[in-house]
Amino acid sequence: MRPQTHVLFFLLYICGGLSLDFKVVDLTHDHSNTTIYWPGNPEYNFTILARGNTTGGFWYESNYFGTAEHGGTHLDSPAHFYKDRHRTHNIPIENLIGPGVIINVKNKAAANVDYQVSIDDLKQWESIYDQIPKNAIVIMNSGWHERYPNASLVFNTDSPTDSSTFHFPAWHEDTIEWLISERSVNVVGVDTPSTDFGQTKTFAVHISLGKANISGAENVANLDALPESEV
């Protein structure tokens with residue numbers, strides 16, 4: 001069995017009213033030797049420090065693991081792309097909890113690998129489920145999570161160490177500005193490696209989210225197990 005670490009970084013809830021009738025869905029990919037990192041980051045490191053019987057006659061295990069921030073399923077703190085904003089340990093816990101909104105763009109991403117979620121996509125969701133609720137966690141479901149952990153498929157290139165060749169969907173900067181100005185969101189997420197689409201040169205989505213002190217979630221897993229709304 002390969003060593004692995006599970007990290008839970010936010011709570012998205014989709015359940016009716018005050019009912020306690022719910023199921024838990026793990027939205028994270030394993031952190032292990034298969035973890036996909038943005039180029040330039042060190043690889044995952046899991047080292048067994050001790051595993052066996054001691055001279056005192058009892059079993060003892062101790063391990064070391066090391067990982068870069070931006071690998072696998074992870075949280076982008078606002079400080080990632082904007083000075084003097086929240087780092088991860090500064091983010092109020094209430095800003096990591098919220099009603100779930102899943103924006104399904106799988107068909108559009110299948111037709112255009114560089115697709116960027118539009119304002120019209122959000123308005124279409126609202127035409128079905130009503131206005132995006134306050135303090136929502138809004139996540140794009142492009143179907144990309146099914147490609148994980150194959151780096152060539154996730155980055156959609158034969159050169160997964162060269163970011164200039166990346167092609168994958170994410171959010172449009174105008175859509176993010178609309179969410180910030182017209183709605184109240186706690187986290188914006190994607191099932192791809194970045195909240196900016198693969199061919200970005202400006203990382204405008206990262207910058208806008210950071211400026212607004214809103215966290216981003218990347219490489220989110222198992223989105224098909226969630227309904228698109230809490231309703």
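# Exercises on a predicted model

Six of the eight residues of α5 are buried, so this helix is largely enclosed by the rest of the structure. The exercises below concern a predicted model, whose mean pLDDT over the chain is 92, with 90% of the residues reaching 70 or more.

**Exercise 1. Identify which residues of α5 are buried and which elements are included in what covers them.**

Solution. Begin with the residues themselves: in α5, the buried positions are Ala204, Val205, His206, Ser208, Leu209 and Gly210. Next, look at the surroundings of these buried residues, where the covering elements include β4 (74–76), β8, α4, β9 and β10 (215–218). Finally, follow the chain beyond the helix, where α5 is followed by Asn213, a residue with a positive phi, near 60°.

**Exercise 2. Describe the largest nonpolar core, and state which elements give two or more residues to it.**

Solution. The largest nonpolar core has 23 residues, and those with the most contacts inside it are Ile103, Ile132, Val138, Trp171, Leu179 and Val188. Two or more residues each come from β5 (97–104), α2 (119–129), β7 (136–141), β8 (170–171), α4 (173–182), β9 (185–189) and α5 (204–211). Apart from this core lies another, of 12 residues, which includes Ile102, Ile137, Ile139 and Val187. To see one member of the 23-residue core in detail, take Ile132, which, when residues up to four places away in sequence are not counted, touches Val101, Leu122, Trp125, Glu126, Val138, Leu179 and Arg183.

**Exercise 3. Decide whether Lys134 is buried or exposed, and find its contacts beyond four places in sequence.**

Solution. First locate the residue: Lys134 is placed in the loop between α2 and β7. Its relative accessible area is 64%, and because exposed means over 50%, Lys134 counts as exposed. Leaving aside neighbours within four places in sequence, Lys134 is in contact with Pro99 and Ser184. A further relation across the chain is with Asn186, which is 52 residues away in sequence, while the C-alpha atoms of Lys134 and Asn186 are separated by 8.5 Å.

**Exercise 4. Work through three of the salt bridges, giving for each the atom distance, the location of the partners and their exposure.**

Solution. A search of the whole structure finds four salt bridges, of which three are taken in turn.

- In the pair of Glu61 and Arg51, the side chains meet at 3.7 Å, N to O. Glu61 is in strand β3 (residues 59–66) and Arg51 in strand β2 (residues 45–53), 10 residues apart. Both partners are partly exposed, Glu61 with a relative accessible area of 42% and Arg51 at 45%.
- Lys106 pairs with Asp224, their closest N and O atoms being 3.0 Å apart. Lys106 lies in helix α1 (residues 106–111) and Asp224 in the segment after β10, so this salt bridge ties together parts that are 118 residues apart in sequence. Lys106 is partly exposed at 28%, as is Asp224 at 41%.
- Lys108 pairs with Asp121, with 2.4 Å between the closest N and O atoms. Helix α1 holds Lys108 and helix α2 holds Asp121, so the pair ties together parts 13 residues apart in sequence. Here Lys108 is partly exposed, with a relative accessible area of 35%, whereas Asp121, at 5%, counts as buried.

**Exercise 5. State where pLDDT stays under 50, and how many contacts beyond four places in sequence the model has there.**

Solution. The stretch is residues 1–9, over which pLDDT stays under 50. For these residues the model has 27 contacts beyond four places in sequence.

How values were computed:
Residues numbered from 1 in each chain as written. Predicted model: local features only at pLDDT ≥ 70, side-chain atom pairs only at ≥ 80, totals over all residues. Heavy atoms only, no water. Core = buried A, V, L, I, M, F, W, Y, C linked by side-chain atoms within 4.5 Å. Buried < 20%, exposed > 50% of the residue type's maximum accessible area, 1.4 Å probe, protein only. Helix = DSSP H or I, 4+ residues; strand = E, 2+ residues; numbered from the N terminus. Contact = heavy atoms within 4.5 Å. pLDDT = per-residue confidence, 0-100.
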